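Reader: I am new to protein models, and I would like to learn how to read cavities, pockets, exposure and sheets. Could you take me through them one at a time?

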Amino acid sequence: KQTTPYHQIFDTKNVAVEENVTLNCFRDRLWHSTNLFWIRLVSQSFPEIVGSTMSYDSPIIENIHHITTKQEPGTFVLHINGAQLSDTAVYYCIKVRQRKMTFLKGTFLQVKGPDPGITGVTQDSLSNPVHPGDPVTLQCSVLSNSENRTCTEDHSVYWYRTKPDESHPSLMYSQGNNSYDCERSPEAASQQKCVYSFSRNVSSSDTGTYYCAVATCGEILFGNGTKLNIEGKNFLLTTMDLDEPDGKIKPAVFNDSLQIHEDSLTYAAPTFIKRNTRKAERRNTRAKETMCIYSDVRAFECGKSEA
């Protein structure tokens, strides 16, 4: 069965930024009371009419920004002068006659920018526990393939930190172009691995997830993130009995170690007074007082133990 020239067609076209694009839609000037439309459809947006004409011959040319529609012999043409990334969309040519609408042509136009050739951005996890004051180095590896690269722009690397109590990530560091090490793959000379490092002495407030972001050629790619957990130093809590007959201070209880942030501690120096043993004996029926020595006075409350 032979198809008519206006059989429905859908195709895909890939172009580079700044490339000129021409789309054609069949037109028969013998069609009566017929209009043709070029419509652009972008994801999550309403369809946009970018050009219209009648089926019969007409010299009218329409321009919308850098898009031009006009008639040519046997066709209704849509021309994009210097395609931009925002021109990526589905373009439909629609025939409307009386109450009937027919899709004559559909084209998915994908506009691609310069290819940086980056094939992956990875980050290594930290294996050892980290404590306040420790030096920490985070690494970000950028894998690229020069065979696919059509952009000569250098990489810019940024380090961001996210925390559960923050609604937006914080920019921690901007990497210079000369602060990285690169090596070629022994298997293929076109493949390259560049390692960017970020070092600092950490404090308890540096806890969070750190991401490296590689920006180049109008694109930005994020690494998988490195979690940094700062472990507080251990402090011992000991209760001491002041009512010993010889008046000496004797440890009574040894509690487990506590993990707390060193920048939130409050320290106090206790004063001990030797008590009279006889007075202590006359208070045998009363509750025996116990004094607690704290490293963090906000974490515990001293109580009395029953005699």
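Author: Let us begin with the general idea of a cavity, which is a set of grid points where a 1.4 Å probe fits but cannot get out, and whose lining residues have an atom within 4 Å of a point. Please keep in mind that this is a predicted model.

Reader: How many cavities of 30 Å³ or more does the structure hold, and which residues line the largest cavity?

Author: The structure holds 1 cavity of that kind, and about 40 Å³ of space lies in the largest cavity. Its lining is made up of Val-136, Leu-138, Phe-198, Arg-200, Val-202, Tyr-210 and Leu-228, and the elements that contribute two or more residues are strand E11 (135-145) and strand E15 (191-201). Sorted by class, this lining has 6 nonpolar residues, no polar ones and 1 charged residue.

Reader: And how should I read a pocket, and which residues are the closest to the centre of the second largest pocket?

Author: A pocket, in contrast to a cavity, is an open set of points. In this model the second largest pocket contains about 220 Å³ of space, and of the 17 residues lining this pocket, Ser-144, Arg-149, His-155, Gln-192 and Cys-194 are the closest to its centre. Two or more lining residues come from each of E11, strand E14 (180-184) and E15, while the classes divide into 5 nonpolar, 8 polar and 4 charged.

Reader: Turning to a single residue, is Pro-135 buried or exposed?

Author: A residue counts as exposed when its relative accessible area is over 50%. Pro-135, which is found in strand E11, has a relative accessible area of 66% and is therefore exposed. Leaving aside neighbours within four places in sequence, Pro-135 is in contact with Arg-200 and Asn-201, and its C-alpha atom is separated by 9.7 Å from that of Ser-203, although the two residues are 68 apart along the chain.

Reader: Finally, how do I read a sheet, and which are the edge strands here?

Author: One follows the order in which strands pair, and here 5 strands form an open sheet in the order E1-E9-E8-E3-E4, with mixed pairing. Strand E1 (9-16) and strand E4 (48-54) are the edge strands, since each pairs on one side only, and neighbouring strands of this sheet are turned by 20° against each other on average, with direction ignored. Within the sheet, strand E8 (residues 89-97) and strand E9 (residues 100-112) pair in the antiparallel sense over 9 bridges, and Lys-95 has Thr-102 in E9 as its bridge partner.

Definitions and conventions: Residues are numbered from 1 along each chain as its sequence is written. This is a predicted model: local features need pLDDT of at least 70, side-chain atom pairs count only at pLDDT 80 or more; totals for chains, interfaces and linings use all residues. Side-chain values use heavy atoms; hydrogens and water are left out. On a 1 Å grid over the protein atoms alone, a cavity is a set of points where a 1.4 Å probe fits but cannot get out, and a pocket is an open set with protein on both sides within 12 Å along at least five of seven lines; lining residues have an atom within 4 Å of a point. Grid points are joined across faces, edges and corners, and a volume is the space filled by probe spheres set on the points. Helices (H or I, at least four residues) and strands (E, at least two) are DSSP runs, numbered from the N terminus. Ala, Val, Leu, Ile, Met, Phe, Trp, Tyr, Cys and Pro count as nonpolar, Asp, Glu, Lys and Arg as charged, and the others, Gly among them, as polar. Buried means under 20% relative accessible area, exposed over 50%, partly exposed in between (1.4 Å probe, protein chains only). Contact means heavy atoms within 4.5 Å. Two strands pair if DSSP finds at least two bridges between them. Axes are lines fitted to C-alpha atoms, for helices over the stretch in contact, and angles run from 0 to 180 degrees between N-to-C directions.
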